[in-house]
Amino acid sequence: MMCSAPCNDLGQIKLFVKAGADGQRYGACPLCQRAFMVLVLKSQSTKFDFRVITVNLAKPLDEFRDLGLKRLPALAHGDRTCDTVDDIVQYIDDNFVNVDLSYDNIAAENACKNFFSKFCFFVKEVSKDSAHLLSELHKLNEYLSSSDKAFLCGEQICHLDCEVLPKLQHIRVAARSLKDFNVPNNFSAVWRYLYNAYNSKCFIDTCPSDQEIILHWSDKPETPNLSLEQRANLSKEPAKFSYDVPAFAQPVTTN
C-alpha cells in the first residue's frame, strides 16, 4: 500500500502494519490504524513521503526482519526504528510539528479510558454479558452529549480521536458479528461521533474492512470461533465497510 505526499529531504517513512487474511491486504489492528491516522493527518500540512507496508508476523518480510523489528505497528525512518505505537506517535510528533494533534482534556480522557477493555472482556467471554461495556459506552455518550464539537476535544481530530475511533469501529463491527451486540441507537452522541469520523478522509483512508475486523477478533483463542467455511467466505468476499449510522445521529442542517 502506497500513501505519499511530495517528498522532502527527510527521506521516506515506512510504516509496517498488520497484513490481512491473505497475507497482503491491509489487516485490522486498532494500534496500526492509530499510527496510520497520525501519519495521514501530519502529511496534510507537512509534506513528506511515506509508505505503508503490510506484514504477516508469521512470515515477516526480509526488510522487516533485517531492521530488527518484532511487533506491529512499526516505523522505520532513516536509521531510526521503533515498534511500539506510543514511540511511533512520539517520533512523528517530534519530527513533524506543523500539525498539532495534542489535547488537554481530562474529561474526554476519563470518558473513554475503559470502554475498550470492557469490550475485550465481553468478546473474550470473561464477562458473561454486555452490562459493563454498555456502562462505559453510556459514559462516553454522556460526555459527547455535553459537547457540541465534532470530535472529542474540538472540531478537528486529535491524538485522542486517533486512539478511540479505531477501537469504536472494532466494537461496532466485531461485537455485532461475534456476540450479536449492537451499539444502542439511543446512544445518539456516540453515533454522531462515528458519523463525523465516517465523513473524515483520514478515517476512511485508514479503516480496515469489516471482514478483516471480524477475522482479527475471531482468530484470538478466547473469542467465539468461526467455522472454516465462514472464515473462507469472509476472506473471499469483496471488502465492505460499516459506515452507516441511525438517521437521527446525523447533524441537522438548515438552509
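A pocket, as the word is used here, is an open set of grid points with protein on both sides within 12 Å along at least five of seven lines. Keep in mind that this is a predicted model.

With that in hand, start at the largest pocket, which has a volume of about 230 Å³. It is lined by 14 residues, and Lys18, Ala19, Gly20, Asn56 and Asp219 are the ones closest to its centre. Sorted by class, the lining comes out as 6 nonpolar, 4 polar and 4 charged residues. Both domains chip in: domain 1 (13-95) and domain 2 (106-242) each supply at least three residues. Among the contributors, helix H10 (residues 210-218) gives the largest share of the lining, with 3 residues.

H10 turns up again when you look at helix H5 (residues 115-123). The buried residues of H5 are Phe115, Phe116, Phe119, Cys120, Phe122 and Val123. Look down the axis of H5 and these residues sit within an arc of 165°, so they line one face of the helix. The reasoning is familiar: an α-helix has 3.6 residues a turn, so residues three or four places apart point the same way. The cover over the buried residues of H5 includes H10, along with helices H1 (30-43), H6 (131-145) and H7 (159-179). Just after H5 comes Glu125, with a positive phi near 65°.

Now move to the loop between H6 and H7, where you'll find Glu155. Is this residue buried or exposed? Glu155 is partly exposed, because its relative accessible area is 45%, between the 20% and 50% cut-offs. Leaving out residues up to four places away in sequence, Glu155 touches Asp148, Lys149 and Ala150. Its C-alpha atom is 9.7 Å from that of Asn196, 41 residues apart along the chain.

Terms used. Residues are numbered from 1 along each chain as its sequence is written. This is a predicted model: local features need pLDDT of at least 70, side-chain atom pairs count only at pLDDT 80 or more; totals for chains, interfaces and linings use all residues. Side-chain values use heavy atoms; hydrogens and water are left out. On a 1 Å grid over the protein atoms alone, a cavity is a set of points where a 1.4 Å probe fits but cannot get out, and a pocket is an open set with protein on both sides within 12 Å along at least five of seven lines; lining residues have an atom within 4 Å of a point. Grid points are joined across faces, edges and corners, and a volume is the space filled by probe spheres set on the points. Helices (H or I, at least four residues) and strands (E, at least two) are DSSP runs, numbered from the N terminus. Ala, Val, Leu, Ile, Met, Phe, Trp, Tyr, Cys and Pro count as nonpolar, Asp, Glu, Lys and Arg as charged, and the others, Gly among them, as polar. Domain bounds come from an automatic or database domain assignment. Buried means under 20% relative accessible area, exposed over 50%, partly exposed in between (1.4 Å probe, protein chains only). The arc is that of the directions from the helix axis to the C-beta atoms. Contact means heavy atoms within 4.5 Å.
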